[in-house]
Amino acid sequence: MTEKTIAAAGSAAGPISISSAFDSGNIVVRTIAGTSATLGIRRDEGSEFFQWFHFRVAAPPGAQLALDIVGLAGSAYPEGWPGYHACVSEDRVNWVRAETTWDAKADGGTLRIRHRTQSGILWLAYFPPYSMDRHHDLIGRTAALPGVAYRCLGYSLDNQPIDCLELGEGEKQVWLYARQHPGETMAEYWMEGAIDVLTDPGNSHGRLLRQKARFHLIPNMNPDGSFRGHLRTNAVGVNLNREWHAPTPERSPEVLCVRAAMEETGVAFAMDVHGDESIPAVFIAGFEGIPSLTERQLDLYRRYQDTLAIRTPDFQTKRGYPITPPGRANLTMSTAQLAERFGAVSMTLEMPFKDNDDLPDPVNGWSPARSRLLGRDCMAVLAEMIEDI
């Protein structure tokens, strides 16, 4: 029995039905009984990665849903489930966290979601989704603003454009790019906040940055994976953030066209924006292990981290990834590759799928709103340093 027929049977036999046949949808319906369902997550096409889910449930108002997503011990990041709470919305605008528990021993690892409905329909997701429609709206309204130029850098394997927004009159070349990993939707919400600063004529940080630098903004580097409901890969199961040493048209045209555009301009500062499944904090990872590391690069990188920690309590420097030993950088990853190739001050910004445990929000967890605010703070910090970069 296929996923679609199971969902249909559930709709006929019980009071709920479940579907994921839409932009970024991902769920496998195994069984439905009354207001309970057993579910799974579909793997990224051509890959073993799976963690992202996004589906809708039609149910009677007031129904107490019991949704179990099973088999998650084999997911991409099983350590991401303890302490995690699923996102739920009844209008696809306002998202809150549902009652969620993790049982590592049940059915190969089970995420148990319990939620009482208010209306007759709701959506659940690993993090509030960022649809391709919303992406196109962001590109369209930003490209229409004074001083903003639009550029299509190339096309994905599914023939979707790799959109780039450019603005600023300065000589320093700044590249900001998000969603190499498509399920990390907080990254494109972050980009909204950064764009707000850079395009607001009344924002002093934005005015200074436009005066000193030329910005190249890529809100979504992986539109294929985004639409297909992938966690981490493009249309053929390739992790784009392991392609920066030698991208190819067959595997990673998204990286190939972006890196070619960077070769045209050079890169002084770069930020690769991500989400982390396991660590309940916001942090930055750098390029300490590159062969050509300079004290200037390292000093500016550390200064950026320290200044951001002062500016916002949502950022910290105690938790994060281990620092790479000298000469051991992974040059397949963009941050290390750009620091080595261009002498750039480059970094990977990570936001949590869970919450910031230092400043928790029990209702929303880490959220689109907090991602946007962090984007604004990141631009303010860059404005304080832009003269020296």
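Begin with the largest nonpolar core, a set of 84 residues; select Phe53, Trp190, Phe215, Tyr304 and Met379, the members that touch the most others. Such a core comprises buried Ala, Val, Leu, Ile, Met, Phe, Trp, Tyr and Cys residues joined through side-chain atoms within 4.5 Å, where buried denotes under 20% relative accessible area, exposed over 50%, and partly exposed the range in between (1.4 Å probe, protein chains only). Next, colour helix α3, residues 186-199, which gives the most to this core, with nine residues. Helices (H or I, at least four residues) and strands (E, at least two) are DSSP runs, numbered from the N terminus.

The model is a predicted one, in which local features need pLDDT of at least 70 and side-chain atom pairs count only at pLDDT 80 or more, whereas totals for chains, interfaces and linings use all residues. Residues are numbered from 1 along each chain as its sequence is written, and side-chain values use heavy atoms, with hydrogens and water left out.

Centre the view on methionine 379. Its contacts (heavy atoms within 4.5 Å) are Leu176, Trp190, Ala194, Val197, Leu198, Leu209 and Phe215, with residues up to four places away in sequence not counted. Another core, of 18 residues, lies apart from the one containing Met379; select Cys164, Ile218, Cys257 and Val258, which are among its members.

Turn now to the salt bridges, each a side-chain nitrogen of Lys or Arg within 4 Å of a carboxyl oxygen of Asp or Glu. The whole structure holds 21 of them.

Select glutamate 264 and arginine 151, whose closest N and O atoms are 2.7 Å apart in a salt bridge. The pair joins helix α6 (residues 253-265), which holds glutamate 264, to strand β11 (residues 149-155), which holds arginine 151, across 113 residues of the chain. Glutamate 264 is exposed, at 56% relative accessible area, while arginine 151 is partly exposed, at 26%.

Remain on helix α6 and select glutamate 263, which forms a salt bridge with arginine 341 at 2.5 Å between the closest N and O atoms. Arginine 341 belongs to helix α8 (residues 334-342), so this pair ties together parts 78 residues apart in sequence. Both partners are partly exposed, glutamate 263 at 41% relative accessibility and arginine 341 at 34%.

Move next to glutamate 184 and arginine 232, a salt bridge with closest N and O atoms 3.9 Å apart. Glutamate 184 lies in the loop between β13 (172-178) and α3, and arginine 232 in the loop between α5 (223-228) and α6. Both residues are buried.

Finally, select Asp68, Asp103, Arg112 and Arg114, which are linked in a network of salt bridges.
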